[in-house]
Amino acid sequence: MPHITVDYSPRIADSFDPRVFAAELEPAVLEGSGSAGTCKMLFRQAAGARVADRHGDAAAFVHVEVGLLPGRPDTVRARLSEDVLALLEKHLGVGTTQPVVCSVEVRELGGSYRLRTF
């Protein structure tokens, strides 16, 4: 049942294929989180976003957020974050001619979370 949102810079759209990334991300998240549910994923090109260092140099970015039901220890969530970063490195290391700032947050879904299939 993990909820996954991937925001990324349009600058990497030519070298980052969300479908290929999703095919590897789904089993990694399910295995790393111990979830038996179905991943729900949303990929968004963040056209209005900007990442800049203290010198004003702009960079491309990818941010992945994974929402899980409560109960997993911090160590499990941290390991899953590292696994997703490694997967991003694998997918962005080929064909990317610019640095890409990558971040991952694995968080617990709130108590108001509900799921139904209609």
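This is a short tutorial dialogue on reading features in a predicted model.

User: Let's start with the strands. Which strand pairs with β1 in the parallel sense, and over how many bridges?

Analyst: Strands that run side by side can be described by the sense in which they pair. Here β1 and β2 pair in the parallel sense, over 6 bridges. If you want one residue to look at, take D7, whose bridge partner in β2 is R44.

User: How does the chain get from β1 to β2, and what is the handedness of the crossover?

Analyst: Follow the chain from β1 through α1 to β2, and you trace a β-α-β crossover that is right-handed.

User: Which strand pairs with β1 in the antiparallel sense?

Analyst: That is β4, residues 58-68, and this pairing also has a count of 6 bridges. You can use D7 as a guide again, since its bridge partner in β4 is H63.

User: How many of the residues of strand β1 are buried?

Analyst: Strand β1 covers residues 3-8, and 5 of its 6 residues are buried, so the strand is largely enclosed by the rest of the structure.

User: Next, a loop. Where does S35 lie, and is it buried or exposed?

Analyst: S35 sits in the loop between α1 and β2. A loop residue can still be checked for burial, and S35 counts as buried because its relative accessibility is 13%, below the 20% cut-off.

User: Which residues is S35 in contact with, leaving aside its neighbours within four places in sequence?

Analyst: Those contacts are M1, P2, L30 and R72. Try finding each of them around S35 in the viewer.

User: Now the rings. How many aromatic pairs does the structure hold?

Analyst: There are 3 aromatic pairs in the structure. To read one, look at the distance between the ring centres and then at the angle between the planes. In the pair of F16 and F21, the centres are 5.4 Å apart and the planes stand at 55°, so this pair is tilted.

User: Are F16 and F21 buried or exposed?

Analyst: Both can be read from their relative accessibility. F16 has a relative accessible area of 3% and is buried. F21 is buried too, at 0% relative accessibility.

User: What kind of pair do F21 and F43 form?

Analyst: F21 and F43 form an edge-to-face pair, with 6.5 Å from centre to centre and 85° between the planes. This pair links distant parts of the chain: F21 belongs to helix α1 (residues 18-33) and F43 to strand β2 (residues 40-45), 22 residues apart. F43 is partly exposed, with a relative accessible area of 23%.

User: Which residues do the ring pairs link into a cluster?

Analyst: The cluster is made of Y8, F16, F21 and F43, linked by ring pairs.

User: What about charged side chains? How many salt bridges does a search of the whole structure find?

Analyst: The general idea is that side chains of opposite charge can pair when their charged atoms come close. In this structure, the search finds 7 salt bridges. One of them joins the side chains of E24 and K90, at 2.6 Å from N to O. E24 lies in helix α1 and K90 in helix α2 (residues 74-92), so the pair ties together parts that are 66 residues apart in sequence. E24 counts as partly exposed, at 28% relative accessibility.

User: Where do R79 and D83 lie, and how many residues apart are they?

Analyst: R79 and D83 both lie in helix α2, 4 residues apart, which is about one turn of the helix. Their side chains meet in a salt bridge at 2.8 Å, N to O. R79 counts as exposed, at 53% relative accessibility, whereas D83 is partly exposed, at 27%.

User: Which residues are linked in a network of salt bridges?

Analyst: D74, R77 and E108 are linked in such a network.

User: One last feature. How many disulfides does the structure hold?

Analyst: The count is 0. C39 is in no disulfide, and the nearest cysteine sulfur, that of C102, is 19 Å away. A disulfide needs two cysteine sulfur atoms within 2.5 Å. C39 is buried, with a relative accessible area of 10%, while C102 counts as partly exposed at 28% relative accessibility.

Note on methods:
Residues are numbered from 1 along each chain as its sequence is written. This is a predicted model: local features need pLDDT of at least 70, side-chain atom pairs count only at pLDDT 80 or more; totals for chains, interfaces and linings use all residues. Side-chain values use heavy atoms; hydrogens and water are left out. Rings of Phe, Tyr and Trp (its six-membered ring) pair if their centres lie within 6.5 Å; planes under 30 degrees apart count as stacked, over 60 as edge-to-face and the rest as tilted. Buried means under 20% relative accessible area, exposed over 50%, partly exposed in between (1.4 Å probe, protein chains only). Helices (H or I, at least four residues) and strands (E, at least two) are DSSP runs, numbered from the N terminus. Two strands pair if DSSP finds at least two bridges between them. A crossover is right-handed if, with the strands pointing away from the viewer, the path from the first strand over the helix to the second runs clockwise. Contact means heavy atoms within 4.5 Å. A salt bridge is a side-chain nitrogen of Lys or Arg within 4 Å of a carboxyl oxygen of Asp or Glu.
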